[in-house]
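Subject: Structure handover and findings

Hello,

Here is the structure for you to load. My notes follow below it; please read them with the model open.

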Amino acid sequence: MNFQFMNPDELKAKIEAGEEIVVVDIRDPGSFAAGSIKGSLLLSNDNVQLFIEQTDKSRPVIVCCYHGNSSQSAAQFLAEQGFNDTYSLQGGYELWKTVCPEYCH
Ligand SMILES: O=S(=O)([O-])[S-]
C-alpha cells in the first residue's frame, strides 16, 4: 500500500464535509504550537507507536509537514504500518495557512 497526495482544497472539502479523517502534523512542537491545522494532532517519535496501535487503520490519515516533503516518507511509513488510506499534504502547513487560514489555530 502506497501513500497518495492530497492538496489543500481537497483536505478543506473533507473537513467541511465532516469526514472521519485524521490529520497528523510531524513538524516540531514549537511550530505546531504556533499554528496548526484545526483538529490536527502532533505526531512524534514519542507517540507514533501509540498512534499506530490506537487508530482505526481504515480512516484516512493526512500527514502535514512544513512544505510537503518529509510528510511523504511519514505517510509511506504509516501505509507500511497498515493504514489503508494515507496522504501527504501538498505544500505542507506553509501552503495550508495561506489557502485555508480559517482552518488554522
Ligand atoms: O521537508 S519539509 O520542509 O517539507 S518538512
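One convention before the ligand shell: Ala, Val, Leu, Ile, Met, Phe, Trp, Tyr, Cys and Pro count as nonpolar, Asp, Glu, Lys and Arg as charged, and the others, Gly among them, as polar. On that basis, the shell around the ligand holds 2 nonpolar residues, 4 polar ones and no charged ones. Please keep in mind that this is a predicted model.

**Ligand site**

Which residues surround the ligand? They are C65, Y66, H67, G68, N69 and S70. Backbone atoms of this stretch come up in three pairs. A polar backbone atom of H67 sits 2.9 Å from a ligand oxygen. For G68, a backbone N or O atom is 3.1 Å from an oxygen atom of the ligand. For S70, the distance from a polar backbone atom to a ligand oxygen is 3.3 Å. On its own, the ligand has 210 Å² of accessible area, and the protein covers 78% of that.

**Helix α4**

Helix α4 spans residues 70-80. Its buried residues are S71, A74, A75, Q76, L78 and A79. What do they pack against? Three elements: α3 (48-54), β4 (61-64) and β5 (86-89). After α4 comes G82, with a positive phi near 110 degrees.

S71 belongs to α4. Its relative accessibility is 0%, so S71 counts as buried; the cut-off is under 20%. The S71 side chain makes a polar contact with the side chain of S88, at 2.7 Å. Beyond its neighbours within four places in sequence, S71 is in contact with I26, V63, C64, C65, S88 and L89. One of these, C65, is also among the residues surrounding the ligand.

**Strands β5 and β4**

T86 is in strand β5. Is T86 buried or exposed? T86 is buried, because its relative accessible area is 1%. A polar atom of the T86 side chain lies 3.2 Å from the backbone oxygen of A75. Not counting residues up to four places away in sequence, T86 touches F3, Q4, V61, A75, L78 and A79. A75, L78 and A79 are also among the buried residues of α4.

I62 is in strand β4. At a relative accessible area of 0%, I62 is buried. How far apart are the C-alpha atoms of I62 and Y87? They are 4.6 Å apart in space, with the two positions 25 residues apart in sequence numbering. Leaving out neighbours within four places in sequence, I62 is in contact with M6, L11, I21, V22, V23, V24, Y87 and L89. L89 also appears in the contacts of S71.

**Annotated domain**

UniProt, in an unreviewed entry, lists residues 17-105 as "domain: Rhodanese". Over that range, the chain is 36% helix and 16% strand. The end C-alpha atoms of the range are 19 Å apart.

A17 is where the listed range begins. A17 lies in the loop between α1 (8-16) and β2 (22-25). With 55% relative accessibility, A17 counts as exposed, because the cut-off for exposed is over 50%. From A17 to L41 is 24 residues in sequence and 19 Å in space, C-alpha to C-alpha.

**Two helix residues**

F32 is in helix α2, residues 29-34. F32 has 17% relative accessibility and so counts as buried. F32 and H105 are 73 residues apart in sequence, yet their C-alpha atoms are 9.3 Å apart. The contacts of F32, aside from neighbours within four places in sequence, are D25, R27, S40, L41 and L42.

V99 is in helix α5, residues 92-99. V99 is at 33% relative accessibility, so V99 counts as partly exposed. Outside its neighbours within four places in sequence, V99 is in contact with P8 and D9. V99 and E53 are 46 residues apart along the chain, and their C-alpha atoms are 33 Å apart.

Best wishes

Definitions and conventions. Residues numbered from 1 in each chain as written. Predicted model: local features only at pLDDT ≥ 70, side-chain atom pairs only at ≥ 80, totals over all residues. Heavy atoms only, no water. UniProt positions renumbered as here; feature names shortened; annotations may be inferred. Helix = DSSP H or I, 4+ residues; strand = E, 2+ residues; numbered from the N terminus. Buried < 20%, exposed > 50% of the residue type's maximum accessible area, 1.4 Å probe, protein only. Contact = heavy atoms within 4.5 Å. Near = heavy atom within 4 Å. Polar contact = N/O pair within 3.5 Å; in protein donor to acceptor, adjacent residues only side chain to side chain. Areas by Shrake-Rupley, 256 points an atom, 1.4 Å probe, with all protein chains shown as cover.
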